[in-house]
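This report goes through a model from the sheet and its helices to the ligand shell and the backbone.

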Amino acid sequence: MSPSSLLILGATSDVGRAIAHEYAKNGFDIILTGRHLEEMEKSAKDLEIRHGIKAQALYFDALDSASHQAFYDSLDNKPTGVVSVIGLLGDQEKGFDDFNHAEQIITTNYTALVSILNIIANDFKARKSGFMIGVSSVAGERGRQSNFLYGSAKAGFTAYLSGLRNEMFKHNVHVLTVNPGFINTSMTEGMDLPKALTLQPEDVAKDIYNAQQKERNICYTGWYWRWIMLIIRTIPETIFKRLGL
Ligand SMILES: NC(=O)c1ccc[n+]([C@@H]2O[C@H](COP(=O)([O-])OP(=O)(O)OC[C@H]3O[C@@H](n4cnc5c(N)ncnc54)[C@H](OP(=O)(O)O)[C@@H]3O)[C@@H](O)[C@H]2O)c1
């Protein structure tokens with residue numbers, strides 16, 4: 001492994017794949033993790049050929065929190081940075097009726113990530129170095145009727161990342177929160193998204209790399225979401241509840 005390596009949680013996501021290429025292009029070795037080993041092994045070979053770095057693929061299931069410590073202990077070379085791209089939009093209506101589905105959404109977007117990131121944070125703390133990136137969402141900034149199970153879990157994740165940043169600062173570990181708006185990925189496939197506000201995964205990956213290198217604390221991608229969300233957050237609740245968003 002080169003001195004810089006990135007562990008990607010959620011490497012099979014469109015954004016995760018783009019992040020892998022962005023960091024590999026910039027000389028990072030890459031550890032791809034997720035539930036589709038064969039697919040990731042192919043991606044790892046592709047990354048090595050294209051960018052001349054070292055890449056490996058490892059099985060990781062976020063929902064199996066009992067396996068997280070052993071998973072991290074099994075890494076021969078601990079990474080210099082980690083990014084979590086794991087997310088599950090799920091089905092809001094189904095989750096409203098079926099708590100198992102609601103729990104899957106909440107666990108995938110929040111508690112499972114707390115489990116693995118706490119383990120990694122403790123290692124980085126002991127080593128007094130490293131960076132941690134959490135991909136949250138603007139959906140975590142205000143609950144909406146169309147996706148408040150996902151949004152509330154993202155809100156929890158955003159607050160976790162904020163506190164983690166406070167905690168890790170004194171240990172020389174940087175934590176970056178990423179708040180994307182719309183991205184053209186499998187998560188949003190079939191949705192009628194406004195073209196002008198929708199980014200490609202490669203744009204998001206570039207924004208993340210630049211923000212992490214500059215040690216930004218919070219990154220909205222695209223940048224205009226910072227201002228859109230400022231307006232959305234200031235709408236009084238009496239009006240907001242009537243908007244049917
Ligand atoms: N697309 C958007 O418009 C948008 C907007 C705001 C925020 N985001 C966030 O951006 C991130 C990337 O999203 P995306 O659009 O690229 O979505 P995506 O393609 O659906 O990716 C979601 C990723 O999460 C992984 N994942 C889900 N459950 C998992 C589990 N139990 N264990 C391990 N991995 C698991 C998926 O792996 P499998 O392949 O194994 O399912 C996949 O790699 C997510 O955190 C999402 O919430 C996306």
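Two residues count as being in contact if their C-beta atoms, placed from the backbone, lie within 7 Å. The model is predicted. Helix H5 (residues 99-127) lies across strand S1 (5-9), strand S4 (81-84) and strand S5, and runs at about 165° to S5.

**Overall**

The chain has nine helices and nine strands. Its radius of gyration is 18 Å, close to the 18 Å that the globule rule gives for 245 residues, so the chain is as compact as a globular protein of that length. Taken along the principal axes, the C-alpha atoms fill a box of roughly 55 × 40 × 35 Å.

**Sheet**

In what order do the seven strands of the open sheet stand? The order is S3-S2-S1-S4-S5-S6-S9, with parallel pairing. Strand S3 (55-59) and strand S9 (218-221) are at the edges with a single partner strand each, so one side of each has no neighbour in the sheet. On average, neighbouring strands are turned by 15° against each other, direction ignored. Strands of a sheet pair through backbone hydrogen bonds, either parallel or antiparallel. One pair in the sheet is S5 (residues 131-135) with S6 (residues 174-180), joined in the parallel sense over five bridges. Phe 131 stands opposite His 174 in S6.

**Helix packing**

Two packed helices are described by the angle between their axes and the distance between the axes. For H5 and helix H6 (residues 148-169), the axes come within 8 Å and cross at roughly 10°. Angles under 35 degrees count as roughly parallel, and H5 and H6 are therefore roughly parallel to each other. On the H5 side, the contact includes Ala 102, Ile 105, Ile 106, Leu 113 and Phe 124. The residues from H6 include Leu 149, Tyr 150, Phe 157, Tyr 160 and Met 168. By class, the contact of H5 with H6 divides into 15 nonpolar, two polar and two charged residues.

**Ligand shell**

Which residues come nearest to the ligand? Of the 27 residues around the ligand, these are Ser 13, Ala 62, Gly 87, Thr 185 and Met 187. Two elements give two or more residues to this shell, namely helix H1 (14-25) and strand S7 (182-183). H1 gives the most, with three residues. The shell has 12 nonpolar, 12 polar and three charged residues.

**Backbone**

Two places in the backbone are listed below.

| Site | Feature | Value | Location |
|---|---|---|---|
| Thr 221 to Gly 222 | cis peptide bond | omega near -10° | Gly 222 in the loop between S9 and helix H8 (225-234) |
| Lys 128 | positive phi, residue other than glycine | phi near 55° | loop between H5 and S5 |

The loop that holds Lys 128 thus lies between H5 and S5, and H5 is also the helix that lies across S1, S4 and S5.

Notes
Residues are numbered from 1 along each chain as its sequence is written. This is a predicted model: local features need pLDDT of at least 70, side-chain atom pairs count only at pLDDT 80 or more; totals for chains, interfaces and linings use all residues. A residue is near a molecule or strand if its C-beta atom, placed from the backbone, lies within 6 Å of it. Helices (H or I, at least four residues) and strands (E, at least two) are DSSP runs, numbered from the N terminus. Ala, Val, Leu, Ile, Met, Phe, Trp, Tyr, Cys and Pro count as nonpolar, Asp, Glu, Lys and Arg as charged, and the others, Gly among them, as polar. Two strands pair if DSSP finds at least two bridges between them. Axes are lines fitted to C-alpha atoms, for helices over the stretch in contact, and angles run from 0 to 180 degrees between N-to-C directions. Angles under 35 degrees count as roughly parallel, over 145 as roughly antiparallel, 65 to 115 as roughly perpendicular and the rest as oblique. The radius of gyration is taken over C-alpha atoms; the globule rule is 2.2 Å times the number of residues to the power 0.38.
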